[in-house]
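Colleague: Please take a close look at one part of this structure and show how it is built into its surroundings. I should like the account to start from a single side chain and to work outwards from there.

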Amino acid sequence: MKAVLLIGLGRFGRHIAMKLSELGHQVMAVDRDEERVNTVLPFVTNAQIGDSTREEFLASLGVRNFDVCMVAIGDDFQSSLETASLLKELGAKKVIARAERDVQAKFLLRNGADEVVYPEKEMAIWTAIRYTCDHISDYIALDDGYSIFEVAVPEDWAGKTIGQLEIRRRYHVNVLAIKQDGKFTTVTVKPDTVLPSDCTLLVLGDDRDLHRCFHI
């Protein structure tokens, strides 16, 4: 369990608060809008109405006591930038900030943010891949050009074993698990594991290798 300071409670921040609550973390939620604060009260440990660009207000929250400080402000980049900078000046251990464009990310990283997330960009990429490839069920982008895909087993792979197909050697792709009817049926994939015709595979690899292997 971690202590999280979440600043900015628009749609993005609200969804973060709900997920953090589900994961069992302690969350202090902050926004200048009282209605937004009231909306997340069922999901957070504490909440404050205030302006995160005011140093006195941020200092009163005890920034150093939080494991992670998340700046989820989406409608006012100047406020996001000032908040990230003040958090770092006040001794925040780790500052994660939201950005919509690369130029925003550059400014945030230079002025207090340790890491930057692009929710709109990441969702746009996921949507483009997921809904233009009929055989792709899910997609997770990892660092350094690697991804995990949930993909329908190719027709010519069905009924064959992992060893017969030599997937890792031929395609440089790792099969992590097998799902049938939406449930994991095999999470320890071995050379003698047979691929059913009605399954999906969780596969990990370099994006270029994955795209070539599954015609994405």
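Modeller: Leaving aside its neighbours within four places in sequence, Gln104 is in contact with Phe77 and Ala99. The model is a predicted one, and what follows should be read accordingly. Gln104 belongs to helix α5. Its relative accessible area is 8%, and since buried means under 20%, Gln104 therefore counts as buried.

The contact with Phe77 leads to a helix pair. Phe77 lies in α4, where Phe77, Ser80, Leu81 and Ala84 meet Gln104, Phe107 and Leu108 of α5. The axes of α4 and α5 are 9 Å apart, and the two helices pack at an angle of about 25°. Angles under 35 degrees count as roughly parallel, so α4 and α5 are roughly parallel to each other. Their crossing is right-handed.

Each of these helices also links two strands. Helix α4, residues 77–89, forms a right-handed β-α-β unit with β4 and β5. Helix α5, residues 102–110, does likewise with β5 and β6, and this unit too is right-handed. Strand β5 is thus part of the unit with α4 and of the unit with α5. Helix α5 lies across β5 and β6, and its direction makes about 155° with that of β6.

Strand β5 deserves a closer view. It covers residues 95–98, with Val95 and Ala97 pointing one way and Ile96 and Arg98 the other, and all of them are buried. On one side, β5 pairs in the parallel sense with β4, residues 68–71, over 3 bridges. There Val71 stands opposite Ala97. A parallel pairing over 3 bridges also joins β5 to β6, residues 115–117. In that pairing, Val116 of β6 is the bridge partner of Ala97. Ala97 accordingly faces Val71 in one pairing and Val116 in the other.

These pairings belong to an open sheet of 6 strands, which has the order β3-β2-β1-β4-β5-β6 and parallel pairing. Strands β3 (46–49) and β6 stand at the edges with a single partner strand each, so one side of each has no neighbour in the sheet. From one strand to the next, the twist averages 20°. Another helix, α1 (residues 11–22), lies across β1 (3–7), β2 (26–31), β4, β5 and β6, and it runs at about 165° to β1. Strands β5 and β6 are therefore crossed by α1 as well as by α5, with reference to the contacts just given; contact here means heavy atoms within 4.5 Å.

For contrast, the model holds a second sheet. It is open, has 5 strands in the order β7-β8-β11-β9-β10, and its pairing is antiparallel. Its edges are β7 (136–141) and β10 (183–186), each with a single partner strand, so one side of each is left without a neighbour in the sheet. Neighbouring strands here are turned by 30° against each other on average, direction ignored.

Within this second sheet, β8 can be followed in the way β5 was above. Strand β8 is mostly covered, with 5 of its 7 residues buried. It pairs with β7 in the antiparallel sense over 5 bridges. The hairpin of β7 and β8 has 4 residues between the strands, and Asp144 takes a positive phi near 60° in it. Strand β8 (residues 146–152) is also joined to β11 (residues 200–206) by 7 bridges, and these two strands run antiparallel. In the pairing of β8 with β11, Ile148 stands opposite Leu204. Val151 of β8 stands opposite Ile136 and, in β11, opposite Leu201. A helix packs on this sheet too: α9 (residues 207–214) touches β8, β9 (173–180) and β11, and its direction makes about 140° with that of β11.

To return to the starting point, Gln104 is a buried residue of helix α5, and it takes part in the packing of α5 against α4.

Key. Residues are numbered from 1 along each chain as its sequence is written. This is a predicted model: local features need pLDDT of at least 70, side-chain atom pairs count only at pLDDT 80 or more; totals for chains, interfaces and linings use all residues. Side-chain values use heavy atoms; hydrogens and water are left out. Buried means under 20% relative accessible area, exposed over 50%, partly exposed in between (1.4 Å probe, protein chains only). Two strands pair if DSSP finds at least two bridges between them. A crossover is right-handed if, with the strands pointing away from the viewer, the path from the first strand over the helix to the second runs clockwise. Axes are lines fitted to C-alpha atoms, for helices over the stretch in contact, and angles run from 0 to 180 degrees between N-to-C directions. Angles under 35 degrees count as roughly parallel, over 145 as roughly antiparallel, 65 to 115 as roughly perpendicular and the rest as oblique. A crossing is left-handed if the near helix is turned anticlockwise from the far one by less than a right angle, and right-handed if clockwise.
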